[in-house]
Amino acid sequence: MIRLHFTTGRGPAECRIALRLALERLAIEAEEAGVGCDISTSGDSEHGPASALALLAAEDDPSAAELLAKAWAGSILWVCPSSVRPNHRRKNWFIGATRLAPLTAAPKALRTEDIRFSALRAGGPGGQHQNKTESAIRALHVPSGKSVVVRDGRSQHQNRSVAVRRLAGLMAGDAELAALAEAERRQANHDSLERGRPVRTFRGPTFEAD
């Protein structure tokens, strides 16, 4: 499981909008690549979060998760006039994504009775090669309201097992995101955000990639 930490670098509301749009784009790209993408956010406001933790996993093809992570890790530029301050002359808004080290301990196991499973028709990349059976699984952790959808495996049993692991990772990520947010308040990750040499550039309200 690959973990990416996204930050607005203590930037203004426009950077929060950029982060919200970036997370939406990441989820789309992950689905197209057949990569599981689970996201926790911190410091949410009407414009978007201040930071986020994205967990990327692909059971059948780990290289797909690696490629996606490499495409996003670094400084990300959004070029767009401000919708919050229409007369503001600045148009360049930066956010950053940093790959975190793997967890040193396995996420705490969740109680099966706290998880609600439902079957879905599998989708994902591949066009006519998509799995058309109802093997995909949505797992909802009832106490927290967090959920994941797993399409990687060819059976419900396999996907249920993966879903539990990903839910546990997402829950562990919440605790770490809170710790990262505290570190950011102490000027740790935020001050390391490089505002220049972006690895990805997006433009306009629809967040179109260059």
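User: Which residues are linked in a network of salt bridges together with Arg111?
Analyst: In this predicted model, the side chains of Asp114 and Arg111 meet in a salt bridge, with 3.0 Å from N to O. The network that holds Arg111 has two further members, Glu113 and Asp114.

User: Does Asp114 count as buried or exposed?
Analyst: The cut-off for a buried residue is a relative accessible area under 20%. Asp114 has a relative accessibility of 16%, so this residue counts as buried.

User: How many residues apart are Glu29 and Arg200, and which elements hold them?
Analyst: Glu29 forms a salt bridge with Arg200, and the closest N and O atoms are 2.7 Å apart. Both Glu29 and Arg200 are buried. The pair links distant parts of the chain, with Glu29 in helix H1 and Arg200 in strand E9, and the separation is 171 residues.

User: Which parts does the salt bridge of Arg99 and Glu66 tie together?
Analyst: The side chains of Arg99 and Glu66 meet at 2.9 Å, N to O. Arg99 is partly exposed at a relative accessible area of 39%, and Glu66 is partly exposed at 29%. Because Arg99 lies in one element and Glu66 in another, the pair ties together parts that are 33 residues apart in sequence: strand E5 and helix H2.

User: What is the order of the strands in the open sheet of seven strands?
Analyst: The pairing in this sheet is mixed. Its edge strands, each pairing on one side only, are E2 (36-42) and E10 (208-209). Read from E2 to E10, the order is E2-E3-E1-E5-E4-E9-E10.

User: Which residue in E5 stands opposite His5?
Analyst: Strand E1 (residues 2-7) pairs with strand E5 (residues 92-99) in the antiparallel sense, over four bridges. The residue of E5 that stands opposite His5 is Thr98.

User: What angle does the direction of helix H2 make with that of E1?
Analyst: Helix H1 (residues 13-33) lies across strands of the sheet, including E1 and E5, and runs at about 50° to E5. Helix H2 (residues 62-72) packs on the sheet and touches E1, E3, E4, E5 and E9. Its direction makes with that of E1 an angle of about 20°.

User: By what angle are neighbouring strands turned on average in the sheet E6-E7-E8?
Analyst: This open sheet of three strands has antiparallel pairing. Its edge strands are E6 (115-120) and E8 (146-150). With direction ignored, neighbouring strands are turned against each other by an average of 15°.

User: How many bridges join E7 to E8?
Analyst: Within this pair, Ala139 stands opposite Val148 in E8. Strand E7 (residues 136-141) and E8 run antiparallel, and the number of bridges joining them is five.

User: Which element gives the most to the largest nonpolar core?
Analyst: The core has 30 residues, and those with the most contacts inside it are Phe6, Val35, Leu56, Trp72 and Trp78. The elements giving two or more residues are E1, H1, E3, H2, E4 and E5. With nine residues, the element that gives the most is H1.

User: How many residues does the second, separate core have?
Analyst: In the largest core, Leu56 is among the residues with the most contacts; beyond four places in sequence, Leu56 touches residues including Leu4, Leu26, Val35 and Leu68. The second core is separate and includes Leu53, Leu100, Ala139 and Leu167. Its number of residues is 15.

Note on methods
Residues numbered from 1 in each chain as written. Predicted model: local features only at pLDDT ≥ 70, side-chain atom pairs only at ≥ 80, totals over all residues. Heavy atoms only, no water. Pairing = 2+ DSSP bridges. Contact = heavy atoms within 4.5 Å. Axes fitted to C-alpha atoms, helices over the stretch in contact; angles between N-to-C directions. Salt bridge = Lys/Arg side-chain N within 4 Å of Asp/Glu carboxyl O. Buried < 20%, exposed > 50% of the residue type's maximum accessible area, 1.4 Å probe, protein only. Core = buried A, V, L, I, M, F, W, Y, C linked by side-chain atoms within 4.5 Å.
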